[in-house]
Amino acid sequence: MPVPPPENPPFAAATNDLRVRRATVDDLAAVVELENASFAVERMSARQLRRHLDSASALIMVATAQRRLLGAAVLFLRSRSRVGRLYSIAVAAGARGRGIGEALLQAVERAAAKRGCDRLRLEVRVDNAGAQRLYERHGYHRFGLRRGYYEDGHDALRYEKPLA
Ligand SMILES: CC(C)(COP(=O)(O)OP(=O)(O)OC[C@H]1O[C@@H](n2cnc3c(N)ncnc32)[C@H](O)[C@@H]1OP(=O)(O)O)[C@@H](O)C(=O)NCCC(=O)NCCS
């Protein structure tokens with residue numbers, strides 16, 4: 001049965017039964033809605049997300065509580081590389097600041113290590129201080145800058161974390 005998307009306007013999400021798991025096709029509509037609500041550019045389409053669900057080179061994780069989707073993260077893997085790429089992480093606006101981003105990040109790191117990755121890399125907008133704090137608090141260090149990386153011309157900071 002499809003997982004309903006987060007309510008709009010933002011709701012006081014109960015997160016005491018938070019669960020982080022791999023996404024299924026039933027999560028797809030809610031993940032697309034979350035992507036659209038969270039990102040102005042570089043959004044992934046339903047078709048792209050659908051393809052990634054069945055792909056050996058991608059992993060989509062979702063955080064749910066009371067059968068509502070509260071967050072999602074997309075990880076890319078390459079068969080001949082031990083470097084995983086955290087492509088995106090998003091938490092529903094009404095559910096931020098409660099550790100869901102952290103729970104997703106930890107789940108993605110565990111999944112990447114299980115798939116043979118020894119480090120994770122990601123890009124984050126230079127003006128996204130909240131996400132940068134989340135990454136830095138969890139052991140990611142800045143190692144580069146990509147100028148004009150985003151569709152709207154914004155630069156990206158590059159972060160990396162060695163996995164245990
Ligand atoms: C970045 C993002 C994923 C973080 O998700 P989140 O669920 O709010 O993250 P967390 O709750 O784990 O941590 C965020 C803050 O909440 C605080 N926090 C963590 N656990 C908490 C808890 N149990 N109760 C209250 N606050 C908590 C943290 O201290 C942190 O504070 P700070 O960053 O202001 O210092 C979310 O803000 C988001 O979706 N942003 C839009 C999309 C985006 O920019 N994604 C990243 C680029 S790909």
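**Reading the sheet and its surroundings**

Tutor: Strand 5 (residues 119-125) and strand 7 are joined by seven bridges and pair in the antiparallel sense. The model is a predicted one.

Student: What holds strands of a sheet together, in general?

Tutor: Strands of a sheet pair through backbone hydrogen bonds, in either a parallel or an antiparallel arrangement. Here, strand 7 also runs antiparallel to strand 6 (residues 141-146), with five bridges between them.

Student: Which residues stand opposite each other along strand 7?

Tutor: On the strand 5 side, Arg125 is opposite Ala156 of strand 7, and Glu123 is opposite Arg158. From strand 6, Arg146 stands opposite Ala156.

Student: Which side chains of strand 7 are buried?

Tutor: The general idea is that side chains in a regular strand alternate between the two faces of the sheet. In strand 7 (residues 156-162), Leu157, Tyr159 and Lys161 point to one face and are buried. Ala156, Arg158, Glu160 and Pro162 point to the other face and are not buried.

Student: In what order do the strands of the sheet lie?

Tutor: The order is 1-2-3-4-5-7-6, in an open sheet of seven strands with mixed pairing. Strand 1 (19-22) and strand 6 are the edge strands, each pairing on one side only. From one strand to the next, the twist averages 25°.

Student: Where does helix 1 pack, and at what angle to strand 3?

Tutor: Helix 1 (residues 28-38) packs on the sheet and touches strand 2 (58-65), strand 3 (68-76) and strand 4; its direction makes about 80° with that of strand 3. Helix 3 lies across strands 1, 2, 3, 4 and 5, at about 35° to strand 3.

Student: How do these elements follow one another from the N terminus?

Tutor: They run β-α-α-β-β-β-α-β-α-β-β, which comprises four helices and seven strands.

Student: Which residues come nearest to the ligand?

Tutor: Arg96, Gly99, Gly101, Glu102 and Ala131 come nearest, out of 18 residues around the ligand. Strand 4 (83-91), helix 3 (100-114) and helix 4 (129-137) each give two or more residues to this shell. By class, the shell has seven nonpolar, seven polar and four charged residues.

Student: What does the radius of gyration say about the protein?

Tutor: A compact globule of 164 residues would have a radius of gyration near 15 Å, and the protein has 15 Å, so the two agree. The C-alpha atoms fill a box of roughly 40 × 30 × 30 Å along the principal axes. Buried residues account for 31% of the 164.

Conventions:
Residues numbered from 1 in each chain as written. Predicted model: local features only at pLDDT ≥ 70, side-chain atom pairs only at ≥ 80, totals over all residues. Rg over C-alpha atoms; globule rule 2.2 N^0.38 Å. Buried ≥ 20, exposed ≤ 12 C-beta atoms within 10 Å, placed from the backbone. Near = placed C-beta within 6 Å. Nonpolar A, V, L, I, M, F, W, Y, C, P; charged D, E, K, R; others polar. Pairing = 2+ DSSP bridges. Axes fitted to C-alpha atoms, helices over the stretch in contact; angles between N-to-C directions. Contact = placed C-beta atoms within 7 Å.
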